[in-house]
Amino acid sequence: GLPITATLDTRSVPDNLSCKLYVFRKASNDLEYTCKETIVLDEQLPYRKKFSNDDLTDKSYRFVFTALPTSGSELTVYNSGNQEFVAGNRLADFIIGTKNEILKDDYYYGIVDKTGTEILNEGTIRAELERIVGQIVLDVFRIQDNINEPLKVQSATIASVLDRVHQIDIAYTDLTKELGIDEDGNLVTVTSWGTPLEYSINPTLGDTL
């Protein structure tokens, strides 16, 4: 039995997330990966999985990890036919779908490729999971003539360059609705939400702002 471990960056998978492993395999003469089984990793890590010699000889594996909230998840995994993703489904039909346009940050994934020989020699399968959901980062500068030459705040009565900003309006277009996995093991957009999403940020006022 080979141990399988999963972490979120440098943290263990917390109790409020359900971690699943989708095991895909193909032989050297196969054109695409097929799901062999789905393993729930919640109860214990490392999880020990057994491979026979036939499982490893002339085989390649792709291990797809997901960690989603145990309740209220706004992401679901299904196949391209909008059915539960099960053993026998192709990797090309693997879909991570969103229920809402705006998502919280507790959604993670990891993809690890191994040949049967590497699994046999290394003896352990390790995955470091990363956040699925991106986030916007705003860098706000005070400038005069040149955007590449930011200026310092020069008034003692002004707390920051946001001191006179009442509201920031943001519009997202082509937000990802469904994700798939390409041949190289990268997450790719399958479908997008059709309408732009707009919302506003109102800076919080304090004693100096």
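**Exercise 1. Describe the surroundings of Arg62.**

A polar contact of 2.6 Å joins the side chains of Arg62 and Asp113. The model is a predicted one, in which local features need pLDDT of at least 70 and side-chain atom pairs count only at pLDDT 80 or more, while totals for chains, interfaces and linings use all residues. Residues are numbered from 1 along each chain as its sequence is written, and side-chain values use heavy atoms, with hydrogens and water left out.

Solution.
- Step 1. Recall the term: a polar contact is a pair of N or O atoms within 3.5 Å; within protein, one must be able to donate a hydrogen and the other to accept it, and residues adjacent in sequence count only if both atoms are side-chain atoms.
- Step 2. Look for a further partner: the backbone oxygen of Glu183 lies 3.1 Å from a polar atom of the Arg62 side chain.
- Step 3. Place the residue: Arg62 is in strand E6 (residues 59-69). Strands (E, at least two residues) and helices (H or I, at least four) are DSSP runs, numbered from the N terminus.
- Step 4. Judge exposure: Arg62 has a relative accessible area of 2%, so Arg62 is buried. Buried means under 20%, exposed over 50%, and partly exposed in between (1.4 Å probe, protein chains only).

**Exercise 2. Classify the ring pair of Tyr22 and Phe85, then the pair of Tyr61 and Phe63.**

Solution.
- Step 1. State the rule: rings of Phe, Tyr and Trp (its six-membered ring) pair if their centres lie within 6.5 Å; planes under 30 degrees apart count as stacked, over 60 as edge-to-face and the rest as tilted.
- Step 2. The structure holds 8 aromatic pairs. In one of them, the ring centres of Tyr22 and Phe85 are 5.9 Å apart and the planes stand at 80 degrees, so the pair is edge-to-face.
- Step 3. Tyr22 lies in strand E3 (residues 17-27) and Phe85 in the loop between strand E7 (75-79) and strand E8 (94-98), so the pair ties together parts 63 residues apart in sequence.
- Step 4. Tyr22 has 5% relative accessibility and therefore counts as buried; Phe85, at 5%, counts as buried too.
- Step 5. Tyr61 and Phe63 form a stacked pair, with 5.7 Å from centre to centre and 5 degrees between the planes. Both Tyr61 and Phe63 are buried.
- Step 6. Tyr22 and Phe85 also belong to one aromatic cluster with Phe24 and Phe94.

**Exercise 3. Compare Lys26 and Arg25.**

Solution.
- Step 1. Lys26 is in strand E3, and Arg25 is found in strand E3.
- Step 2. Lys26 has a relative accessible area of 22%, so Lys26 is partly exposed. Arg25, at 19%, counts as buried.
- Step 3. The charged end of Lys26 sits over the ring of Tyr33, 4.8 Å from its centre. For this, NZ of Lys or CZ of Arg must be within 6 Å of the ring centre and within 35 degrees of the ring normal.
- Step 4. The side chain of Arg25 makes a polar contact of 3.2 Å with the side chain of Asp55.

**Exercise 4. Which residues other than glycine have a positive phi, taking Asn82 and Asp174 as cases?**

Solution.
- Step 1. Most residues other than glycine have a negative phi.
- Step 2. Asn82 has a positive phi of about 65 degrees. Asn82 is in the loop between E7 and E8 and, at 58% relative accessibility, counts as exposed.
- Step 3. Asp174 has a positive phi of about 60 degrees. Asp174 is in the loop between strand E11 (168-172) and strand E12 (176-181) and, with a relative accessible area of 61%, is exposed.
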